[in-house]
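Good morning, and thank you for coming. Please look at the model on the screen while I walk through several of its parts.

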Amino acid sequence: MAILRYNFRSEVLGMHTNITVCYPAGALTTGLGFRHAIFKEDEKPTYVPGMKFQTVYVLHGGGEDDTIPYRYTRLEQYAEKNMVMLVSPSVNDSLYMNTTYGYKYFDYLTQELPVIVQSLFVSAPGREHTFAVGMAMGGNGALALGLMRPDLYEAVVDLSGGIGVTLDREEYVRSLHWDFPIVRNTLLGEQEFVGSEHDLRWYAEKNIAEGAQLPKIFIGVGEKDFIRDRVYQDYAILKQLGYDVVYDEPQGLKHDFDMWDKYLDKALSEWLPLKRAPIYPQSI
């Protein structure tokens, strides 16, 4: 893979921020590469001006940043194997939402960041080429992106989410009293959230009522994860509402990178409907 960290000023956030971008850049074994004297005449190079890659937005967990998914897992290898581009934004402990303290992270992720990525990098435009995968807080963020902006994502993967917004309104209220200051300091309070931009149940029901094109949703959580019950409840509500959702609960796994490394591979190699090939100009 080719990996870079890009720092820029976000106009939505009003400050400089980082993203990590990861490109497939393998040799002949992956079908990618420039023509070189050692190549045989019948070996066609597949780097072409104007080519693009499908893009998976990989969302980090609480207390982390855009580099952590690559440092703690074999994510680069999984992306190389599946010929997909990755983009990881750094969002601090925002829960991927527009926060009550002023920073509009959800607007940044869904309005500004895709324009920057598709303008400056070889990211294929269009819903059918765009996906989101997250771990822990990021898993919850990926689920929220899929439900709140189904027009942007073909499929989303929630791995061990549950910290942040939820489809269970009673659980949302309970979480405001957890020993997680980021929840009560970031999200709207008990009297304000129903029908608001933090009410995931409202968005989920609105999508069904309006006949929106829904993303495929994949949810994975370890059997021994402390947040398992809340993650399962999100799955159960989605299933009840009629969403196309896959749920997987591996036995013995917890809320850690052993779980997420295994399921990042599963997400990229099995779950997401990826082309697993570059997209050439005539196809865009």
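His129 sits in the loop between helix H3, residues 105-120, and strand S5, residues 130-135. I should say at once that this is a predicted model. Is His129 buried or exposed? Its relative accessibility is 8%, so His129 counts as buried, the cut-off being under 20%. Setting aside its neighbours within four places in sequence, His129 is in contact with Gln54, Thr55, Ala124, Lys275 and Ile279.

Let us turn to the helix that precedes this loop, H3, and to its partner H4. As a general point, two packed helices are described by the angle between their axes and the distance between the axes. For H3 and H4, the axes come within 12 Å and cross at roughly 60°. The two helices are therefore oblique to each other. The crossing in which H3 passes H4 is right-handed. Which residues meet here? On the side of H3 they are Phe106, Leu109 and Thr110, and on the side of H4 they are Ala144, Leu145 and Met148.

H4 also packs with H7. The angle in this case is about 40°, and the axes are 9 Å apart. That makes H4 oblique to H7. H4 passes H7 in a left-handed crossing. The contact is made by Leu143, Ala144, Leu147 and Met148 of H4, together with Leu200, Tyr203 and Asn207 of H7. Please note Ala144 and Met148 of H4: they take part in the contact with H7, and they also meet residues of H3.

Next, helix H8. Its 14 residues, 228-241, should span 20 Å at 1.5 Å a residue, and its end C-alpha atoms are 20 Å apart, which agrees. Which residues of H8 are buried? They are Arg230, Val231, Asp234, Tyr235, Ile237 and Leu238. These residues cover an arc of only 165° around the axis, which puts them on the same side of H8. The face turned away from that buried side carries the exposed residues Asp229 and Gln240. What covers the buried residues includes three helices, H4 (137-148), H5 (169-175) and H7 (200-210), and two strands, S7 (216-220) and S8 (245-248). After H8 comes Gly242, with a positive phi near 105°.

Just before H8 there is a loop, and Phe226 lies in it, between S7 and H8. Is Phe226 buried or exposed? With a relative accessible area of 54%, Phe226 is exposed, because the cut-off for that term is over 50%. Beyond its neighbours within four places in sequence, Phe226 is in contact with Ile163, Phe180 and His255. The C-alpha atoms of Phe226 and Val246 are separated by 20 Å, and these residues are 20 places apart along the chain.

For contrast, consider Met259, in helix H9. Its relative accessible area is 0%, and Met259 is buried. Leaving aside its neighbours within four places in sequence, Met259 is in contact with Ser160, Gly220, Val221, Gly222, Pro250, Leu253 and Lys254. One of these, Gly222, is 37 residues away along the chain, yet the C-alpha atoms of Met259 and Gly222 are separated by 6.9 Å.

H9 also appears in the surroundings of helix H2. The buried residues of H2 are Leu75, Tyr78, Ala79, Glu80 and Asn82. What covers them includes strand S3 (55-59), helix H1 (68-71), S4 and H9.

My last topic is the backbone angle phi. Most residues other than glycine have a negative phi. What is the phi of Met83, the residue that follows H2? The value is positive, near 50°, in a residue other than glycine. Met83 lies in the loop between helix H2 (75-82) and strand S4 (85-89). With a relative accessible area of 16%, Met83 is buried.

Arg276 is a further case: its phi is positive, about 55°, although Arg276 is not a glycine. Arg276 is found in the segment after helix H9, residues 257-271. With a relative accessible area of 28%, Arg276 is partly exposed.

To close, I would ask you to return to H8 on the screen and find its two faces: Tyr235 is among the buried residues, whereas Gln240 is exposed on the face turned away from them. Thank you for your attention.

Terms used
Residues numbered from 1 in each chain as written. Predicted model: local features only at pLDDT ≥ 70, side-chain atom pairs only at ≥ 80, totals over all residues. Heavy atoms only, no water. Helix = DSSP H or I, 4+ residues; strand = E, 2+ residues; numbered from the N terminus. Expected span 1.5 Å × (residues − 1). Buried < 20%, exposed > 50% of the residue type's maximum accessible area, 1.4 Å probe, protein only. Arc of directions from axis to C-beta. Contact = heavy atoms within 4.5 Å. Axes fitted to C-alpha atoms, helices over the stretch in contact; angles between N-to-C directions. Parallel < 35°, antiparallel > 145°, perpendicular 65-115°, else oblique. Left-handed = near helix turned anticlockwise from the far one by under 90°.
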